[in-house]
Amino acid sequence: QLDCTMLPQNGAAAYEAIGKLDGSVNNSYQLSEFDGYLRVASTEFRFDEPSQRGVPYNHVTVLDAEAAGTMTKTGEIRDLAPGETIQGTRFIGPRGFVVTFEQVDPLFALDLSEPAAPRVADELKIPGFSSYLMPLGDDYLLTIGRDGTDEQLTGKVAVQLFDVADLSDIRQVAVLTPDSFDTSGSYSVAEYDPHAFTYFPDVADAPVPGTLSIPLQTYGERWEDSFNGFLVVRVDPATGTPLSELGRVDHSALVAAPSDCQPPPSDDGTPAPDGGSACEYWYGGQADPLRSVFLEDALGRTLYTISRAGVIASDAGQPSAVYASRVLP
């Protein structure tokens, strides 16, 4: 059930209409208004008698948002990827993109130009899935999500670039999985919080090329294999490497180690020897990277990265070159 409320320039908000559809939505990106129509991506669970469990079915519903009292349904795409769940959604004008996941990542390109006849224009199946989708103009989608194989997820972050200029022939241009130790996994707040996904184009009126900054945390079997900071990625589809790592900003050094911090025992269980740095294996596990900001002036472009531990200012084109840092209280 969806309620429509008008927000006039002056005065109180006014209730306008109600609309009903099957399923539920998980976030605001699954709803979008365009040209008087509300497009909604929803997931409905139906009871499957043989398996005795709920099976997800996904729908994209188009409602007339200008109808008085009741928003009537004008068109619908039913039962998209049965058995899979929606991981990411983005509506852009008369187009839409939905990512579902079970073992592989179907990226559905939707033609919504006819509200009475929405349709799937193309479908691209690749391992893993994307959870946040950002349009770069009309030609590209830049996404973040989880890396995977045909059998399972790998436990690592994946940044992907898709060519969506031709809605009937969408293509994966590049995928970047940040380098980490073979036994480690990685995570980014930006997978589920779009405020942590910071993209800055080189030119204000051109979406590419540009630079992406995201929080990144990696972890492995050994403490020293960890990383807590930010990954900076160059996005340039015109080059041979459309996605390339520019560098990282490490926030671990901003965190004061606990006074009772001790290195872990060796692989054979032998306690760590006395002497030296008692915390040489402690790697800033509480830095908690959150946000980043690009600022440009006459002197150049600076990247400010912010964690719960502090703020670091660095060269946006060479992130490892730190200008200054400040520990937060």
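Guide: Buried means under 20% relative accessible area. Keep that cut-off in mind. This is a predicted model.

Visitor: Where does A313 lie, and is A313 buried or exposed?

Guide: A313 lies in strand β23, residues 310-315. Its relative accessibility is 11%, so A313 counts as buried.

Visitor: Which residues does A313 touch, beyond those up to four places away in sequence?

Guide: A313 touches T302, L303 and Y304. It also touches V322, Y323 and A324.

Visitor: How far is the C-alpha atom of A313 from that of V249?

Guide: The two C-alpha atoms are separated by 9.2 Å. Along the chain, A313 and V249 are 64 residues apart.

Visitor: Let's turn to a sheet. In what order do the strands of the open sheet with β3 and β7 stand?

Guide: To read a sheet, follow the strand order and then the pairing. Here four strands form an open sheet, ordered β3-β4-β5-β7, with antiparallel pairing. Its edge strands are β3 (31-34) and β7 (73-80), each pairing on one side only. On average, neighbouring strands of this sheet are turned by 25° against each other, direction ignored.

Visitor: How many bridges join β3 and β4?

Guide: Four bridges, in the antiparallel sense, pair β3 with β4 (residues 37-48). L31 stands opposite V40 in β4. The hairpin of β3 and β4 has two residues between the strands. In that hairpin, D35 takes a positive phi near 55°.

Visitor: And how many bridges pair β4 with β5?

Guide: Twelve, again antiparallel. The bridge partner of E44 is Y57 in β5. This hairpin has four residues between its strands. Q52, in the turn, has a positive phi of about 60°.

Visitor: What joins β5 to β7?

Guide: Five bridges join β5 (residues 53-64) to β7, and the two run antiparallel. In β7, G75 is the bridge partner of V62.

Visitor: Now a single polar side chain. Is N58 buried or exposed?

Guide: Start with the strand, then check accessibility, then look for partners. N58 has its place in strand β5. Its relative accessibility is 0%, so N58 counts as buried.

Visitor: Which side chain makes a polar contact with the side chain of N58?

Guide: That of T43, in a polar contact of 2.8 Å. In addition, a polar atom of the N58 side chain lies 3.4 Å from the backbone oxygen of A81. Leaving aside neighbours within four places in sequence, the contacts of N58 include S42, I77, R78, E84 and T100.

Visitor: What tends to happen to nonpolar side chains in soluble globular proteins?

Guide: They tend to be buried together.

Visitor: How many residues does the largest nonpolar core have here?

Guide: It has 24 residues. Those with the most contacts inside this core are L136, L142, F197, L212, I214, V235 and L243. The elements that give two or more residues to the core are β12 (129-136), β13 (140-148), β14 (153-163), β15 (171-176), β18 (206-219) and β19 (227-235). The largest share, four residues, comes from β19. Apart from this core lies another, of 16 residues, among them F97, F162, V164 and L167.

Visitor: What is I214 in contact with, leaving aside neighbours within four places in sequence?

Guide: Among its contacts are I144, V159, A196, F197, F230 and L231. S188, A190 and G229 are also in contact with I214.

Visitor: How many residues of β13 are buried?

Guide: Nine of the nine, so β13 is largely enclosed by the rest of the structure.

Visitor: Which strands pair with β13? Take β12 and how many bridges it shares with β13.

Guide: β12 and β13 pair in the antiparallel sense over seven bridges. R146 in β13 is the bridge partner of F129. The β12-β13 hairpin has three residues between its strands. In its turn, G137 has a positive phi of about 70°.

Visitor: And how many bridges join β13 to β14?

Guide: Eight, with the strands running antiparallel. R146 stands opposite V157 in β14. β13 and β14 also form a hairpin, with four residues between them. So R146 appears in both pairings: F129 is its bridge partner, and V157 in β14 stands opposite.

Conventions:
Residues are numbered from 1 along each chain as its sequence is written. This is a predicted model: local features need pLDDT of at least 70, side-chain atom pairs count only at pLDDT 80 or more; totals for chains, interfaces and linings use all residues. Side-chain values use heavy atoms; hydrogens and water are left out. Two strands pair if DSSP finds at least two bridges between them. Axes are lines fitted to C-alpha atoms, for helices over the stretch in contact, and angles run from 0 to 180 degrees between N-to-C directions. A nonpolar core is a set of buried Ala, Val, Leu, Ile, Met, Phe, Trp, Tyr and Cys residues joined through side-chain atoms within 4.5 Å. Buried means under 20% relative accessible area, exposed over 50%, partly exposed in between (1.4 Å probe, protein chains only). Contact means heavy atoms within 4.5 Å. A polar contact is a pair of N or O atoms within 3.5 Å; within protein, one must be able to donate a hydrogen and the other to accept it, and residues adjacent in sequence count only if both atoms are side-chain atoms.
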